[in-house]
Amino acid sequence: MTIDTIFGLVPAGLPPLPVLLSLTGLGAAVVLMVFGAVSLIRRDRTAERMAGAAAVAPAGTEGHGPVPVVSSLHGDAAANNWRKLLKPLEKHLDFADEEGESGTRLKLMRAGYTHPSAARTYFAVRLLLAAALAVPVLLVTPLISRTVDPDTVALIALGAGAFGFYLPYRVVQSKMEKRQRAIADGFPDALDMMVVCAEAGLGLDASFNRVGQQMASSHPELASEFAILALALRAGNTREEALRRLAARTGVDEVVSFVTLIVQSERLGASVAQTLRVQSGDMRQRRMLRAEEKAHKLPVKMVVPLVTCILPAMLVAVLLPGLIQIARNILPALG
C-alpha cells in the first residue's frame, strides 16, 4: 500500500513513521471526541430519566429538596465512562489509586479540583491536547511546503505533542501554587477568628464551620477547605484524621504545623484557645517575614529593567548633546 492510497490525507514522499504517527494521533483524537459526545448524550438522557422519576415521586417527599441519588448517579455515570476509556492506561499512569493518595490526585486537589474523576479528565485532556497539536503539524506542514524534510516534520510534530502534553501540567502547577499562597495568606486571619470562637465557648468543630462561613468572601479557598473539613467531621471521621487530610489536601506549611499543634495539644490536654493564640502570632510573624523577604528581593529584581530599559535612555539623554557638539565642531576641524 502506498501513501497516496491512505485516503489522500498525507502527500507522497513521507516515510511510513510520520504517516503512522499522524494516523494514530488522528484516530486517538477522533475516539476521544466521539467518547465525549456519547458521554454528554448519556448524561443528558440520565438527567431526563431522573428528572422524570423525581416528578412522580411518592407522596410525602415534597419539600425535602432534590433527591441526592440524582447527582450521585450522574457523577458515577460520567466517572464510569472515563474509567472504561482509560482503564488500559491505569496501570501505567498515576491515578489508579482510588483513595486519593497518588501524586497526581493530590496535586489536583491542591489546585482545587476535588472531583473523583478529576485525575482521569486531567490525563484525557493532556492526551487529547497532545494529539490535537501533533496531528495538524503532520498533516498541514507538508501541504504548505513540500520541500520540508520528513524527519523535520516528524520532529516538529513530536515537539508540538510534547508541548500539548506538558501545558496542562504547567497550568495545574500554577493554579496549585497560587491557591497555596492564598491559603497561607489567609490562615492567620482564620486563626484569629478561631481564637474568638474558642473564647466565646464554641467547640473546635463548630469553630471550623463558623470560620468557613465568615471567610467565604474574603478567602474563598480557605473557606472551601474548612467547609470540607466540617463535612468530614459530620460524616463521622475523627478530628485527627480530618485534620491530617486537610494538611495533605492543602500542602501548606502553615496548615501542616497548625494540624500538628492541634493534635498534640489534644493528646496532652492543653488549652485549645491558648494554643490557637500562640499559633496565630507565629503565623502573623511568618507572613511578615515573607513580606520583608519580598521587599529585600525587590532591589535585585529591579536591576534588570533598570539596566535594559532605563539606563540606555538616560545615557542617550545625557550624552547626546555632547555628541552633537562634537560632530558639529570638532570633527570638521579635524577634517
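**Close-up 1. Ring pairs join Phe 187, Phe 208, Phe 226 and Phe 258 into one cluster.** What you're looking at is a predicted model. Across the structure there are five aromatic pairs, and this view is a good place to start with them.

**Close-up 2. Tyr 166 and Tyr 169 make a tilted aromatic pair.** The ring centres sit 5.7 Å apart, with 45° between the planes. Why do these two tyrosines lie about one helical turn apart? Both belong to helix H5, which spans residues 150-199, and they are three residues apart in it, so about one helical turn separates them. As for accessibility, Tyr 166 is partly exposed at 41% relative accessible area, and Tyr 169 is also partly exposed, at 27%.

**Close-up 3. Phe 187 and Phe 258 pair up edge-to-face.** Here the centre-to-centre distance is 5.2 Å and the planes make an angle of 75°. This pair ties together distant parts of the chain: Phe 187 comes from helix H5 and Phe 258 from helix H9 (residues 253-268), with their positions 71 residues apart. Are these two rings buried or exposed? Phe 187 and Phe 258 are both buried. The two also turn up in the phenylalanine cluster, alongside Phe 208 and Phe 226.

**Close-up 4. Arg 126 puts its charged end over the ring of Phe 165.** Now for a charge and a ring. How far is the charged end of Arg 126 from the centre of the Phe 165 ring? The distance comes out at 3.9 Å.

Definitions and conventions. Residues numbered from 1 in each chain as written. Predicted model: local features only at pLDDT ≥ 70, side-chain atom pairs only at ≥ 80, totals over all residues. Heavy atoms only, no water. Phe/Tyr/Trp six-rings, centres within 6.5 Å; stacked < 30°, edge-to-face > 60°. Helix = DSSP H or I, 4+ residues; strand = E, 2+ residues; numbered from the N terminus. Buried < 20%, exposed > 50% of the residue type's maximum accessible area, 1.4 Å probe, protein only. Lys NZ or Arg CZ within 6 Å of the ring centre and 35° of its normal.
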